[in-house]
Structures are given as structure tokens and as C-alpha cells.
Amino acid sequence: MTEEELQSFVEKISFESFQRPFFHKAKWNNRLKTTGGRYDLKTHDLDFNPKVLEVHGEEIFSKIIKHELCHYHLHLQGQGFQHKDSTFKQLLKQVGGLRFTPPIEEKKRLTYQCKKCGQLFFRQRKMNTKKYACGKCGGGIVKM
Ligand SMILES: [Zn+2]
Ligand SMILES: [Zn+2]
């Protein structure tokens, strides 16, 4: 999933489950360890952990997106957006979001990303980034 695809995936879920648009940015963040996603109170952007998608697949990942979108929409509407707030618990249940990120087992896999389109690649072995280009757009590849 490229970063562009992640963005449209989040926008789609926002429309379908919340009937509200998502106006900000969704990005991959490889520094997230045990959390699946993060909502930035200042920029209103959402960060997601690429390992969750890799390990648990798209369905679980979409429920993590719903969780972060609960923070997002409630915060923008000036309602209680924290885990302890009843408005948060209620909305999370309503849209079917996950309360916690399921454990991400440490796989000995390396994550690479296309510099141009943000496509992710998972490899068992170290790869020579100078030799390879992104299969989607031909951009250069970097290790995350
Ligand atoms: Zn949360
Ligand atoms: Zn690319």
C-alpha cells in the first residue's frame, strides 16, 4: 500500500463509517513500535504503523484506522476524544473500531519504502537499494 493509497483508504473509511470527510494527512510511521496508529493533536494528521498491515492484514488495519478517526473527528468537533471519555467509547463501538492494537510479533523482516510514491516492500534479507527500483513508479528505494 503506497502512502497515496493509505490516504485514500483513510478517506474512504472516514466517509463510509463516520459520514464525514478526512481533510488531513495519513502517513506511514516506522518509529511506532507497539501502537498501530497515532493522532497528532496539533497538525490533525494520522500516522500508521506499517507492521500492523503486514502482520495483521487489511481488515484489522481498517479497525485501527477507525480508532484513530474517532480521536480525529471527536477532537475536531470539540467533544471528548480521549480513551476514557464516554463519547469516545461510544463512537468506537458504533463504527466497530479496535480498542487496542493486537500484539505485533517481531518478525525478522526488513521494511523498505519507495522514496517517490511511498510503496512499502517487506524483505527477509537485506537488499541492495542501489540495484532496485519501485515496481509501481520506478522510484528509488530506501530502508526504513
Ligand atoms: Zn487511541
Ligand atoms: Zn514508487
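The exercises below work through a zinc site, two pockets and a group of polar side chains in a predicted model.

Residues are numbered from 1 along each chain as its sequence is written, and chains are lettered from A and ligands numbered from 1 in the order in which they are written. Because this is a predicted model, local features need pLDDT of at least 70 and side-chain atom pairs count only at pLDDT 80 or more, while totals for chains, interfaces and linings use all residues; side-chain values use heavy atoms, with hydrogens and water left out.

**Exercise 1. The zinc site**

Identify the residues that coordinate the zinc ion (ligand 1), and place His-67 and His-83 along the chain.

Solution. Begin with the donors, which are N, O and S atoms within 2.8 Å of the metal (3.2 Å for Na, K and Ca), with the caution that water is not among the atoms, so sites may look incomplete. The zinc ion (ligand 1) is coordinated at 2.0 to 2.1 Å by the NE2 atoms of His-67, His-71 and His-83. Along the chain these donors follow the spacing H-x3-H-x11-H. The pair His-67 and His-83 links distant parts of the chain, 16 residues apart, with His-67 in helix α2 (residues 50-76) and His-83 in the loop between α2 and α3 (86-95). Here helices (H or I, at least four residues) and strands (E, at least two) are DSSP runs, numbered from the N terminus.

Next, consider accessibility, where buried means under 20% relative accessible area, exposed over 50% and partly exposed in between (1.4 Å probe, protein chains only). His-67 counts as buried because its relative accessibility is 6%, whereas His-83, at 41%, is partly exposed.

**Exercise 2. The two pockets**

Describe the volume and the lining of the largest pocket, and then those of the second largest pocket.

Solution. On a 1 Å grid over the protein atoms alone, a pocket is an open set of points where a 1.4 Å probe fits, with protein on both sides within 12 Å along at least five of seven lines, and lining residues have an atom within 4 Å of a point. Grid points are joined across faces, edges and corners, and a volume is the space filled by probe spheres set on the points.

The largest pocket holds about 210 Å³ of space. Of its 16 lining residues, the closest to its centre are Thr-35, His-67, Glu-68, Arg-99 and Thr-101. Helix α2 gives the most to this lining, with five residues.

The second largest pocket has a volume of about 150 Å³, and its lining includes Phe-18, His-73, Leu-91 and Val-95. Two or more residues come from each of α1 (3-18), α2 and α3, and the largest share, four residues, belongs to α3.

**Exercise 3. Polar contacts of Asp-47**

Find the side chains with which the side chain of Asp-47 makes polar contacts.

Solution. A polar contact is a pair of N or O atoms within 3.5 Å; within protein, one must be able to donate a hydrogen and the other to accept it, and residues adjacent in sequence count only if both atoms are side-chain atoms. Asp-47 lies in strand β3 (residues 46-48) and is buried, with a relative accessible area of 7%. Its side chain is joined to that of Asn-29 by a polar contact of 2.8 Å, and it makes another with the side chain of Arg-38 (2.8 Å).

Turning to the partner, Asn-29 is found in the loop between β1 (26-28) and β2 (37-39), and at 4% relative accessibility Asn-29 counts as buried.
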